[in-house]
Amino acid sequence: MIFIVAQAVGFVGMAMLAMAYLQRKRESILAFNIASAVSWTLHFILLGALTGAAMNAASILRAGAFFVAAKKHSHSRVVFMAVMALFFGMAVLTWQGWVSALPLVAMTLSTVAMWQKSPQHMRAIIIVSTPFWIAYNIINASIAGVVTEVLLAISAAVGLYVYRRK
(Lines give C-alpha, C1' and ligand atoms only; values in the text may rest on other atoms or scores of the structure.)
Protein backbone atom coordinates (compact mmCIF):
# COMPACT_ATOMS: atom_id res chain seq x y z
CA MET A 1 0.00 0.00 0.00
CA ILE A 2 2.85 2.41 0.81
CA PHE A 3 4.32 1.77 -2.64
CA ILE A 4 1.04 2.79 -4.31
CA VAL A 5 0.74 5.92 -2.17
CA ALA A 6 4.37 6.78 -2.95
CA GLN A 7 3.71 6.51 -6.67
CA ALA A 8 0.54 8.64 -6.39
CA VAL A 9 2.44 11.35 -4.52
CA GLY A 10 5.14 11.16 -7.18
CA PHE A 11 2.59 11.67 -9.95
CA VAL A 12 1.35 14.84 -8.19
CA GLY A 13 4.95 16.04 -8.17
CA MET A 14 5.17 15.13 -11.84
CA ALA A 15 2.19 17.31 -12.72
CA MET A 16 3.72 20.30 -10.94
CA LEU A 17 7.12 19.81 -12.53
CA ALA A 18 5.76 19.34 -16.04
CA MET A 19 3.84 22.59 -15.69
CA ALA A 20 6.94 24.40 -14.45
CA TYR A 21 8.84 24.37 -17.71
CA LEU A 22 5.82 25.42 -19.73
CA GLN A 23 5.73 28.73 -17.85
CA ARG A 24 6.90 31.85 -19.59
CA LYS A 25 8.50 33.60 -16.59
CA ARG A 26 11.36 32.48 -14.38
CA GLU A 27 9.41 33.24 -11.20
CA SER A 28 6.56 30.97 -12.30
CA ILE A 29 8.98 28.18 -13.14
CA LEU A 30 10.47 28.45 -9.65
CA ALA A 31 7.06 28.53 -7.91
CA PHE A 32 5.98 25.31 -9.63
CA ASN A 33 9.33 23.77 -8.69
CA ILE A 34 8.67 24.43 -5.00
CA ALA A 35 5.29 22.68 -5.14
CA SER A 36 6.82 19.77 -7.01
CA ALA A 37 9.75 19.39 -4.60
CA VAL A 38 7.40 19.01 -1.64
CA SER A 39 5.69 16.08 -3.37
CA TRP A 40 8.97 14.47 -4.43
CA THR A 41 10.41 14.71 -0.93
CA LEU A 42 7.47 12.75 0.45
CA HIS A 43 7.59 10.32 -2.49
CA PHE A 44 11.22 9.39 -1.85
CA ILE A 45 10.70 9.15 1.92
CA LEU A 46 7.93 6.63 1.29
CA LEU A 47 10.23 4.63 -1.02
CA GLY A 48 13.11 4.73 1.50
CA ALA A 49 15.33 6.57 -0.99
CA LEU A 50 16.98 8.90 1.50
CA THR A 51 19.31 10.82 -0.80
CA GLY A 52 16.50 11.53 -3.25
CA ALA A 53 14.31 12.75 -0.37
CA ALA A 54 17.08 14.94 1.03
CA MET A 55 17.91 16.42 -2.38
CA ASN A 56 14.28 17.31 -2.99
CA ALA A 57 13.89 18.80 0.50
CA ALA A 58 16.95 20.93 -0.15
CA SER A 59 15.54 21.91 -3.54
CA ILE A 60 12.58 23.50 -1.76
CA LEU A 61 15.04 25.86 -0.07
CA ARG A 62 16.88 26.35 -3.36
CA ALA A 63 13.78 27.30 -5.29
CA GLY A 64 12.59 29.52 -2.46
CA ALA A 65 15.93 31.33 -2.26
CA PHE A 66 16.11 31.76 -6.03
CA PHE A 67 12.47 32.90 -6.14
CA VAL A 68 13.13 35.62 -3.53
CA ALA A 69 16.32 36.64 -5.34
CA ALA A 70 14.41 36.86 -8.63
CA LYS A 71 11.74 39.07 -7.07
CA LYS A 72 14.46 41.39 -5.76
CA HIS A 73 16.31 41.25 -9.10
CA SER A 74 19.30 39.91 -7.21
CA HIS A 75 21.75 37.29 -8.45
CA SER A 76 23.97 36.69 -5.43
CA ARG A 77 26.82 34.23 -5.88
CA VAL A 78 26.78 33.69 -2.12
CA VAL A 79 23.24 32.29 -2.37
CA PHE A 80 24.28 30.07 -5.27
CA MET A 81 27.31 28.71 -3.42
CA ALA A 82 25.31 28.15 -0.22
CA VAL A 83 22.73 26.14 -2.14
CA MET A 84 25.44 24.05 -3.81
CA ALA A 85 27.04 23.39 -0.40
CA LEU A 86 23.64 22.35 0.96
CA PHE A 87 23.25 19.72 -1.77
CA PHE A 88 26.74 18.32 -1.19
CA GLY A 89 26.11 18.25 2.56
CA MET A 90 22.80 16.42 2.12
CA ALA A 91 24.49 13.86 -0.13
CA VAL A 92 27.17 13.21 2.47
CA LEU A 93 24.60 12.86 5.28
CA THR A 94 22.41 10.42 3.35
CA TRP A 95 25.11 8.57 1.41
CA GLN A 96 23.89 5.12 0.33
CA GLY A 97 26.81 4.26 -1.96
CA TRP A 98 27.48 5.31 -5.54
CA VAL A 99 23.76 5.53 -6.26
CA SER A 100 23.64 8.69 -4.10
CA ALA A 101 25.89 10.42 -6.61
CA LEU A 102 23.13 10.28 -9.23
CA PRO A 103 20.71 12.71 -7.55
CA LEU A 104 23.66 14.85 -6.46
CA VAL A 105 24.76 15.33 -10.08
CA ALA A 106 21.15 15.89 -11.16
CA MET A 107 20.55 18.51 -8.49
CA THR A 108 23.86 20.21 -9.20
CA LEU A 109 22.85 20.56 -12.85
CA SER A 110 19.33 21.69 -11.99
CA THR A 111 20.75 24.26 -9.57
CA VAL A 112 22.86 25.67 -12.38
CA ALA A 113 19.66 25.68 -14.47
CA MET A 114 17.63 27.52 -11.83
CA TRP A 115 20.42 30.07 -11.54
CA GLN A 116 20.11 31.08 -15.16
CA LYS A 117 18.36 34.34 -15.91
CA SER A 118 17.14 33.04 -19.25
CA PRO A 119 14.23 30.57 -19.11
CA GLN A 120 15.60 29.05 -22.32
CA HIS A 121 18.94 28.31 -20.67
CA MET A 122 17.06 26.86 -17.69
CA ARG A 123 15.13 24.50 -19.94
CA ALA A 124 18.24 23.36 -21.86
CA ILE A 125 20.23 22.50 -18.72
CA ILE A 126 17.26 20.69 -17.15
CA ILE A 127 17.21 18.35 -20.14
CA VAL A 128 20.83 17.38 -19.37
CA SER A 129 19.98 16.52 -15.74
CA THR A 130 17.19 14.06 -16.54
CA PRO A 131 19.29 10.92 -17.29
CA PHE A 132 20.76 11.03 -13.77
CA TRP A 133 17.32 11.07 -12.18
CA ILE A 134 16.08 8.35 -14.53
CA ALA A 135 18.86 6.02 -13.38
CA TYR A 136 18.22 6.83 -9.70
CA ASN A 137 14.49 6.30 -10.13
CA ILE A 138 14.95 2.91 -11.81
CA ILE A 139 17.22 1.75 -9.00
CA ASN A 140 14.69 2.90 -6.35
CA ALA A 141 11.54 1.56 -8.10
CA SER A 142 10.13 5.03 -8.66
CA ILE A 143 7.76 4.52 -11.56
CA ALA A 144 6.47 8.08 -11.16
CA GLY A 145 10.05 9.32 -11.21
CA VAL A 146 10.96 7.62 -14.47
CA VAL A 147 7.78 8.82 -16.17
CA THR A 148 8.33 12.30 -14.78
CA GLU A 149 11.86 12.64 -16.07
CA VAL A 150 10.86 11.53 -19.55
CA LEU A 151 7.96 13.99 -19.57
CA LEU A 152 10.14 16.71 -18.06
CA ALA A 153 12.64 16.39 -20.88
CA ILE A 154 9.80 16.56 -23.41
CA SER A 155 8.20 19.52 -21.62
CA ALA A 156 11.48 21.43 -21.47
CA ALA A 157 12.14 20.67 -25.15
CA VAL A 158 8.66 21.93 -26.08
CA GLY A 159 9.33 25.08 -24.04
CA LEU A 160 12.64 25.55 -25.86
CA TYR A 161 10.85 25.27 -29.19
CA VAL A 162 7.78 27.40 -28.36
CA TYR A 163 9.70 30.27 -26.78
CA ARG A 164 12.65 30.26 -29.18
CA ARG A 165 13.79 33.55 -30.63
CA LYS A 166 13.02 34.00 -34.27
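## A starting point in helix H7

Ala153 is a residue of helix H7, and it offers a convenient place to begin reading this model, which is predicted. If neighbours up to four places away in sequence are set aside, Ala153 touches Ile127 and Thr130. Ala153 can also be compared with Pro131, for the two are 22 residues apart in sequence, while their C-alpha atoms are 9.3 Å apart in space.

Ser155 has its place in helix H7 too. Is Ser155 buried or exposed? Its relative accessible area is 7%, and because buried means under 20% relative accessible area, Ser155 counts as buried. Apart from its neighbours within four places in sequence, Ser155 is in contact with Ala18, Tyr21 and Leu22.

## The chain as a whole

The chain contains 7 helices and 0 strands, so that a reader who follows the elements from the N terminus on meets the order α-α-α-α-α-α-α. Along the principal axes, the C-alpha atoms fill a box of roughly 45 × 30 × 25 Å. A compact globule with 166 residues would be expected to have a radius of gyration near 15 Å, and because the chain has 15 Å, the value agrees with that expectation.

Of the 166 residues of the chain, 45% count as buried. The accessible surface comes to about 8000 Å², and carbon and sulfur atoms account for 75% of that area. How much of the contact in the chain, at a separation of 6 or more, comes from residues 24 or more positions apart? Such pairs account for 72% of the contacts in the chain with a separation of 6 or more.

## The cavity and its lining

A search of the whole structure for cavities of 30 Å³ or more finds 1, and about 250 Å³ of space lies in the largest cavity. Two or more residues of its lining come from each of these elements: helix H2 (26–47), H3, helix H5 (101–115), helix H6 (119–139) and helix H7 (143–162). Which helix gives the most to the lining of the largest cavity? That helix is H2, with 5 residues.

In total, 23 residues line the largest cavity, and those that lie nearest its centre are Leu17, Asn56, Met107, Trp133 and Glu149. When the lining of the largest cavity is sorted by class, there are 12 nonpolar, 9 polar and 2 charged residues.

## Around the start of helix H2

Arg24 lies in the loop between helix H1 (2–20) and H2. With a relative accessibility of 59%, Arg24 counts as exposed, because the word exposed is used for values over 50%. Which residues is Arg24 in contact with, leaving aside its neighbours within four places in sequence? They are Pro119, Arg123 and Tyr163. Gly89, by contrast, is 65 residues from Arg24 in sequence, and the two C-alpha atoms are 32 Å apart in space.

Glu27 lies in helix H2, and its relative accessible area of 23% makes it partly exposed. Pro119, which is among the contacts of Arg24, can also be set beside Glu27: the two residues are 92 positions apart in sequence, yet 9.6 Å apart in space, C-alpha to C-alpha.

## Two further loop residues

Ser76 is found in the loop between helix H3 (50–71) and helix H4 (77–93). Its relative accessibility is 25%, and Ser76 therefore counts as partly exposed, since that term covers values between 20% and 50%. How far apart in space are Ser76 and Trp115, C-alpha to C-alpha? The distance is 9.7 Å, although 39 residues separate Ser76 from Trp115 in sequence.

Ala141 lies in another loop, the one between H6 and H7. The phi angle of Ala141 is near 60 degrees, which is a positive value in a residue other than glycine. At 39% relative accessibility, Ala141 counts as partly exposed.

How values were computed
Residues are numbered from 1 along each chain as its sequence is written. This is a predicted model: local features need pLDDT of at least 70, side-chain atom pairs count only at pLDDT 80 or more; totals for chains, interfaces and linings use all residues. Side-chain values use heavy atoms; hydrogens and water are left out. Helices (H or I, at least four residues) and strands (E, at least two) are DSSP runs, numbered from the N terminus. The radius of gyration is taken over C-alpha atoms; the globule rule is 2.2 Å times the number of residues to the power 0.38. Buried means under 20% relative accessible area, exposed over 50%, partly exposed in between (1.4 Å probe, protein chains only). Contact means heavy atoms within 4.5 Å. Accessible areas come from the Shrake-Rupley method with a 1.4 Å probe; for residues, only the protein chains shown count as cover. On a 1 Å grid over the protein atoms alone, a cavity is a set of points where a 1.4 Å probe fits but cannot get out, and a pocket is an open set with protein on both sides within 12 Å along at least five of seven lines; lining residues have an atom within 4 Å of a point. Grid points are joined across faces, edges and corners, and a volume is the space filled by probe spheres set on the points. Ala, Val, Leu, Ile, Met, Phe, Trp, Tyr, Cys and Pro count as nonpolar, Asp, Glu, Lys and Arg as charged, and the others, Gly among them, as polar.
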